[in-house]
Amino acid sequence: MNVILLGPPGAGKGTQAETIMGTYHIPQISTGDIIRAAIKNQTPKGMEFKNYSEAGSLVPDALVDGLVEDRLAEPDCANGFLLDGFPRTVVQAQWLDQMLKARGRAMDHVVLIEVDDAIIVERIVGRGVDPITGKIYHLKFDPPPTDDIKNRLVFRKDDTTEVLTLRLREYHQKTAPLIPYYERAGLLRRIDGQGSIDEVKQRVLGALGRS
Ligand code: AMP
C-alpha cells in the first residue's frame, strides 16, 4: 500500500506514521528527517538545505525530489511506503505521479490530518524527540516518563513560535493546494486531527480500511 500523510506541521503526521508502519509493515519516508540528517552530517546537500529549513521555508522542489526517488528505489519500499512531509507542493505531487507511473506504481491513499492553527502552536512548542528510541514527547501533553528521558530530549530548531509562523504560511500557500489536487484524483481521506492520539489513530486506520 502506498500512502501519503498530508497536513500542517504539528498535525501529528510523525506520530500517526508509527501506527501505519506497524499495521501495514511499510517504511515511513520523512523528507524532514532525511533533510535534518543531511544537515547534521554536514553533507554538501545538507549545507544547501540548512538555510531554507532552519528559517521555516520549503527547500526547492528539485533538491527534494531526488532524495525521494533514491529512497523509494530501496528494497524495503517494494511492497509499499508511507510518505510523510512529501509532496509539499503541486509541482512535487506532479513529479511524484510521473515518477511512479514510469515505474508502474501509483498512490493508493492520501490521508489529510486537519488541525486548527491555534492548536498547532500549542502542540509544537514543547515537543522533543528521545534520540535513543526516536519517540516523540511533549513537555505538557505527553511528558517523558523519566527524568533521564526528559534530560536527553532533542528539540527541533524550527519548533519555535517565530519559525512556526513561517512554516504555517508555507503550508497554507504552497501545500494546501494539494488538497483539491488529491480530491480530484479520488485519493483524499480527511481525518479530524484533534483529540487524543488514540482517537486520531482509530480515524486514520478507519480511513485506510482497518479499525
Ligand atoms: P518536517 O519535518 O516535515 O516539518 O520538515 C522540516 C523542514 O524540512 C521543512 O520546514 C522544510 O524546510 C524541509 N522539507 C521537508 N520536506 C520538504 C518537502 N517535501 N519540500 C520542501 N521542503 C521540505
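In this predicted model, Asp61, Val64, Asp65, Val68, Glu69 and Leu72 of helix H4 meet Val91, Gln92, Trp95, Leu96, Met99 and Leu100 of helix H5. The residues of this contact divide into eight nonpolar, one polar and three charged.

H4 covers residues 61-72 and H5 covers residues 90-102. The two helices pack at an angle of about 30 degrees, and their axes lie 11 Å apart. Angles under 35 degrees count as roughly parallel, so H4 is roughly parallel to H5. The crossing of H4 and H5 is right-handed.

Both helices also contribute to the largest nonpolar core, which has 32 residues. Within this core, Phe49, Leu72, Phe81, Leu83, Leu96 and Tyr182 touch the most other members. The elements in the table each give two or more residues to the core.

| Element | Residues |
|---|---|
| Strand S1 | 2-6 |
| Helix H2 | 31-40 |
| Helix H4 | 61-72 |
| Strand S3 | 81-84 |
| Helix H5 | 90-102 |
| Strand S4 | 109-114 |
| Helix H9 | 178-184 |

H4 supplies the largest share of this core, five residues.

Leu72 belongs both to the contact of H4 with H5 and to the largest nonpolar core. Leaving aside residues up to four places away in sequence, Leu72 touches Ile29, Cys77, Phe81, Leu96, Met99, Leu100 and Arg105. Among these, Leu96, Met99 and Leu100 are residues of H5 that take part in the helix contact.

A second core, separate from the one described above, holds 20 residues, including Tyr24, Leu168, Ile191 and Val200.

How values were computed:
Residues numbered from 1 in each chain as written. Predicted model: local features only at pLDDT ≥ 70, side-chain atom pairs only at ≥ 80, totals over all residues. Heavy atoms only, no water. Axes fitted to C-alpha atoms, helices over the stretch in contact; angles between N-to-C directions. Helix = DSSP H or I, 4+ residues; strand = E, 2+ residues; numbered from the N terminus. Parallel < 35°, antiparallel > 145°, perpendicular 65-115°, else oblique. Left-handed = near helix turned anticlockwise from the far one by under 90°. Contact = heavy atoms within 4.5 Å. Nonpolar A, V, L, I, M, F, W, Y, C, P; charged D, E, K, R; others polar. Core = buried A, V, L, I, M, F, W, Y, C linked by side-chain atoms within 4.5 Å. Buried < 20%, exposed > 50% of the residue type's maximum accessible area, 1.4 Å probe, protein only.
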